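Please look through the model shown here before reading on. The paragraphs that follow go from a helix to a barrel, then to a single loop residue and the cysteines.

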Amino acid sequence: MGYYDSKGFYVYQETDAADPGAGFSDLLNQSAKAIPNAVHGLVVDELNSDPTLREAVGELAADAVDEAIDFADANLVRKTDPGAPSSPGVTSEWLEVELGTGDRIIAGTRQDGTRHIARLTTETLTMSGIEETIEKNGSDYLQVSVDPSGNIAEPDAIDRNGRTPGWVLRNYANRQRSALSGVVCFGDSMFADFGSLGTSTPSVMSTLLPVPVIGRGVTSQSVTEIALRQGGLNLLVTVDGGSIPASGTVAATVNVSGTWRSQAWTFSGSLCGVPGTLTKSATHVWSFTRSRTGTATPAPAGSLWVSDQPTGPMVGQILRGGRNSPDLANCARDMRAMVTRARATGSPVLVLPVYNLATETTGTSGYDLIKSINAAYEEIGGSDFIDSRAWLIRHGLAEMGITPTAQDTADIAADVIPESLRHDSTHLNVAGRTAEARFLARIITSKDWFRS
């Protein structure tokens with residue numbers, strides 16, 4: 001079996017290849033480090049040993065490039081061709097176009113989603129947002145996308161060798177490495193100061209990262225309720241009478257079934273542009289109350305509820321949930337909704353597993369359920385799924401300099417977070433939260449969420 005090193009990375013051994021519980025993302029990380037050098041060496045040795053093979057590979061590569069260029073040419077609109085009319089609605093072929101002189105198409109997107117970019121002849125262009133002027137000669141580039149002023153509309157170009165130029169790659173890298181303004185942790189009591197211990201994982205992370213870390217953990221909430229706050233769950237609301245009154249509360253129904261816990265919750269946001277709170281009673285009766293008096297507002301059936309907690313593209317998100325009322329189908333659905341929402345806004349994201357209770361030891365039904373939920377989370381998060389549970393079990397005590405007790409050793413053997421890191425059978429204590437925060441801060445830093 002493999003093991004987790006002190007930095008939180010899983011070190012695989014040969015026996016892990018047959019381990020059905022081995023994490024795919026961890027295996028991918030390890031494999032990706034070894035593959036390039038190994039493959040490169042094998043290919044170079046093989047080519048050097050047989051000159052005829054080198055010639056054959058060269059011819060195949062040339063044919064492949066020619067075929068790719070021919071395929072691209074078939075989808076390109078040449079700059080000298082008549083462009084699409086500038087008047088909207090004249091043609092249904094295009095979703096959007098960028099027009100140049102004489103209303104000729106420079107670039108556009110067709111109804112089927114394919115992208116079309118004009119082939120340029122000799123032209124001098126400047127890169128929007130870059131200080132220096134970049135000379136782009138028609139003999140050097142197959143295609144670039146420009147705006148009507150002759151500036152590059154998108155950081156996109158292909159040179160005559162079929163490669164993406166270095167300045168394009170650098171521009172993409174700079175865009176992707178834009179500094180984040182903060183990190184938000186959406187979750188349940190595992191992200192809150194449960195037990196009033198005076199600290200939480202997000203509060204510790206704030207001392208370790210160069211940006212604020214906001215904890216939005218609400219004790220006892222299910223993953224469905226967390227997803228509603230985060231904005232991933234699209235809740236359609238129908239109010240009685242089809243109108244939001246000028247003041248007061250109006251009864252409502254919602255469209256989404258899910259893991260709604262049998263306790264009252266109030267969610268802040270807006271409905272039909274009217275700020276207010278959406279309330280669910282302990283008996284699952286819904287209502288909407290506007291924040292301030294106004295005029296009666298029409299509210300068509302199935303109006304979208306908009307939470308006021310979602311973040312923008314310059315805020316990272318850490319997502320967890322599922323400990324309360326764990327259900328595989330709903331947990332997977334709602335975590336996927338949250339991850340989709342975060343990625344759609346351009347936010348970097350981490351997905352954390354559900355932590356099994358002290359009584360949910362290996363072989364119990366509770367353990368198996370949590371394991372199945374975490375497997376679904378790993379599939380959803382991919383390389384953004386971080387198995388902090390496994391890391392805490394194997395390295396949490398060492399991280400905090402704690403000598404394992406007999407109970408800790410028994411817990412670790414049962415695949416349970418050791419007692420010395422727990423406040424109760426579920427929640428982490430101060431040492432556990434500190435260890436978890438350090439681990440997540442290192443992961444975020446290694447994923448380069450922040451510019452140096």
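Helix α10 is mostly covered, with twelve of its 17 residues buried. This is a predicted model. The helix occupies residues 430-446, and its first and last C-alpha atoms lie 24 Å apart, close to the 24 Å expected at 1.5 Å a residue. Which residues of α10 are buried? They are A431, G432, R433, T434, A435, E436, A437, F439, L440, A441, I443 and I444. The set includes the charged-type names R433 and E436 alongside residues such as L440 and I443. These buried residues pack against α4, β20 (315-319), β21 (349-351) and α8 (388-399).

Both ends of α10 have a local feature to inspect. At the N-terminal end, N429 acts as a cap, with a side-chain oxygen 3.1 Å from the backbone nitrogen of A431. Just after the helix, D448 adopts a positive phi of about 60°.

The next element is a sheet. Six strands form a closed barrel in the order β12-β14-β17-β16-β15-β19, and their pairing is antiparallel. On average, neighbouring strands of this sheet are turned by 45° against each other, direction ignored. Helix α5 (residues 223-230) packs on the sheet, where it touches β15, β16 and β19 (303-307). The direction of α5 makes about 30° with that of β15. Within the barrel, β15 (residues 265-271) and β16 (residues 274-280) run antiparallel and are joined by seven bridges. In this pair, L271 stands opposite V274 of β16.

Now turn to a loop. V211 sits between α4 (201-206) and β11 (213-217). Is V211 buried or exposed? Its relative accessibility is 11%, and because buried means under 20%, V211 counts as buried. Leaving out residues up to four places away in sequence, V211 touches L180, S181, G182, V183, S206 and F450. The contact with F450 links positions 239 residues apart along the chain, and the C-alpha atoms of V211 and F450 are separated by 8.9 Å. S206, another residue that V211 touches, belongs to α4 (201-206), and α4 is one of the elements against which the buried residues of α10 pack.

Last come the cysteines. A disulfide is a covalent bond between the sulfur atoms of two cysteines. How many disulfides does the model contain? With a cut-off of 2.5 Å between cysteine sulfur atoms, the count comes to zero. C185 has 0% relative accessibility and so counts as buried, whereas C272 is partly exposed, with a relative accessible area of 31%.

Technical notes
Residues are numbered from 1 along each chain as its sequence is written. This is a predicted model: local features need pLDDT of at least 70, side-chain atom pairs count only at pLDDT 80 or more; totals for chains, interfaces and linings use all residues. Side-chain values use heavy atoms; hydrogens and water are left out. Helices (H or I, at least four residues) and strands (E, at least two) are DSSP runs, numbered from the N terminus. Buried means under 20% relative accessible area, exposed over 50%, partly exposed in between (1.4 Å probe, protein chains only). Contact means heavy atoms within 4.5 Å. Two strands pair if DSSP finds at least two bridges between them. Axes are lines fitted to C-alpha atoms, for helices over the stretch in contact, and angles run from 0 to 180 degrees between N-to-C directions. The expected span of a helix is 1.5 Å times one less than its number of residues. A polar contact is a pair of N or O atoms within 3.5 Å; within protein, one must be able to donate a hydrogen and the other to accept it, and residues adjacent in sequence count only if both atoms are side-chain atoms.
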